[in-house]
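Hi there,

Here is the structure I promised to pass on to you. Have a look at it first, and then read on for what turned up in it.

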Amino acid sequence: MMSDETDHRVKAVVWRNDKLSLLDQRLLPEKELYIEIDSVDQAADAISSMVVRGAPAIGVTAAYAIVLAARSRFMDDPEQWKVLLQEDLDMLAVARPTAVNLRWAISRMHSCIKHITGNPEDVLLTEAKAIHQEDIDANVKMGLLGVQYLEPQSQVLTHCNAGALATGGYGTALGVVRAGYRAGKIQNVYADETRPWLQGARLTAWELAKEGIPVTLIPDSAAAYLMKQKHFDWVIVGADRIAVNGDVANKIGTYSLAVNARHHGVRFMVVAPTSTVDMEMRSGAEIPIETRDESEVLTMAGRNLSPAGVTALNPVFDVTPAELVDVIVTEKGVVERPQTGSLTKLFEP
Ligand code: MRU
């Protein structure tokens, strides 16, 4: 569906020459460099070290990584490859804890593996490509659904990077931004810098600028003040995991934006495919929140930001309670003011 929308644009994850290629997002915007990945260990390392990031992009990467893993295990032992592969799946599953798309993709590939007889590579590659394409299609669909909520001349604030770089292509929150901009409904896009990895400053700004969509950066700490000045109509973000009651885990700082948005009458939209909804989490309190190394806060580009001996806390996601969310947009439909039960209907046949 509408793949020409996305064909020529930013690609974070590419399957070429029988290998996985990942755009190294740690180097953007200075360098556009693809890393070739030809083993599942390299893929897990690329996910943990943020070469590739963003929940759906991590899921797509894991799917291709399983193709590489199965190829190698089948070559080693054509009889026992499925048993041996389990170790690879377990290792991949813990590469990052919060983005449920990782486990979702592994479990979908696992269901496929169960039915394979003979050499698994072609079947698994077809499944991985399907996961990839379905994610792009879902994003384009969500873009169209989300844009219906925007009035002409809307001012939009986004956080982190929920764009083509974070997905199979096109983006979730930035999919709505792309569609809104093309429909002439968005006057200005603002992006939080998103400390400490600066996904907003480095990645969102890069991919929007590359496409000619003007973007204005703001320090994370300026959001509340600017909301008070009536700068934004909508905050639009992605998600790493959504619980059954509509609580949303996303990049650290999302929760503060949601609290501030409600206080200032700014509406709050979450855009995420149903692969990000975890029906096993009753509420956000059950979602595992990743904490990363303190050096990510204490240093920047190899330079110390603080005196020696200072410690830092680095939780990289937070949970926004459902009551602060105005609308969740998925490819299967939208849920306004989510609460327990309202997301379940998206999964009904
Ligand atoms: O730590 P990151 O960069 O992987 O965090 C990414 C986010 O928080 C995104 O908002 C989320 O994964 C949705 S991406 C469509």
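Let's begin with the prolines. Pro29 sits in the loop that joins S2 and S3. The peptide bond leading into it, from Leu28 to Pro29, is cis, with omega near 5°. Please keep in mind throughout that this is a predicted model. A second cis bond runs from Arg195 to Pro196, where omega is near 0°. Pro196 belongs to the loop between S5 and H7, and you will meet this proline again further down.

Why do these bonds deserve a note? Most peptide bonds are trans, and most residues other than glycine have a negative phi. The second half of that rule brings us to some backbone angles.

Asp18 is not a glycine, yet its phi is positive, at about 60°. You can find Asp18 in the loop between strand S1 (13–16) and S2. With a relative accessible area of 48%, Asp18 is partly exposed. Tyr170 also has a positive phi without being a glycine, with a value near 80°. Its place is the loop between strand S4 (154–158) and helix H6 (173–182). Is Tyr170 buried or exposed? Tyr170 counts as buried, because its relative accessibility is 4% and the cut-off for buried is under 20%.

Next, the overall layout. The protein chain is divided into domain 1 (4–138) and domain 2 (141–347). Their centres, taken over C-alpha atoms, are 24 Å apart. Domain 1 puts 34 residues into the contact between them, and domain 2 puts in 38.

Now for the spaces inside. How many cavities of 30 Å³ or more does the structure hold? There are two. The largest cavity has a volume of about 170 Å³. Its lining is made of 19 residues, and the closest to its centre are Arg53, Gly54, Ala55, Asn161 and Asp240. Helix H2 (55–76) and strand S9 (248–251) each supply at least two residues of that lining. Sorted by class, the lining has seven nonpolar, eight polar and four charged residues. Where does the largest cavity lie with respect to the domains? Both domain 1 and domain 2 give residues to its lining, so the largest cavity lies between them.

The second largest cavity has a volume of about 40 Å³. Here Pro196 comes back: the residues that line this cavity are Arg195, Pro196, Trp197, Gln199, Lys251, Ile252 and Val316. Four of them are nonpolar, one is polar and two are charged.

There is a pocket to look at as well. The largest pocket holds about 350 Å³ of space. It is lined by 14 residues, and those nearest its centre are Pro196, Trp197, Arg202, Met300 and Ala301. Helix H10 (295–298) and strand S11 (299–300) are the elements that give two or more residues to this lining. The lining divides into seven nonpolar, three polar and four charged residues. Since both domains contribute residues to the lining, the largest pocket also lies between domain 1 and domain 2.

While you are in that part of the chain, look at Glu193, in the loop between strand S5 (186–192) and helix H7 (199–210). Glu193 counts as partly exposed, because its relative accessibility is 28%. Although Glu193 and Ile218 are 25 residues apart along the chain, their C-alpha atoms are separated by 6.1 Å. Beyond its neighbours within four places in sequence, Glu193 is in contact with several residues, including Leu198, Ile218, Pro219 and Asp220.

Last comes helix H1 (residues 40–48), a good one for practising how to read a helix. Which of its residues are buried? They are Val40, Ala43, Ala44, Ala46 and Ile47. These residues cover an arc of only 160° around the axis, so they are on the same side of H1. The general pattern behind this is that an α-helix has 3.6 residues a turn, so residues three or four places apart point the same way. Among the elements that cover the buried residues of H1 are strand S2 (19–23), strand S3 (34–37), H2, helix H3 (81–93) and helix H4 (100–114). Just after H1, Met50 takes a positive phi of about 70°.

Enjoy exploring, and write back with any questions!

Best wishes

Technical notes
Residues numbered from 1 in each chain as written. Predicted model: local features only at pLDDT ≥ 70, side-chain atom pairs only at ≥ 80, totals over all residues. Heavy atoms only, no water. 1 Å grid on protein atoms, 1.4 Å probe; cavity = no way out; pocket = protein on both sides within 12 Å on 5 of 7 lines; lining within 4 Å. Points joined across faces, edges and corners; volume = space filled by probe spheres on them. Helix = DSSP H or I, 4+ residues; strand = E, 2+ residues; numbered from the N terminus. Nonpolar A, V, L, I, M, F, W, Y, C, P; charged D, E, K, R; others polar. Domains from an automatic or database assignment. Buried < 20%, exposed > 50% of the residue type's maximum accessible area, 1.4 Å probe, protein only. Arc of directions from axis to C-beta. Contact = heavy atoms within 4.5 Å.
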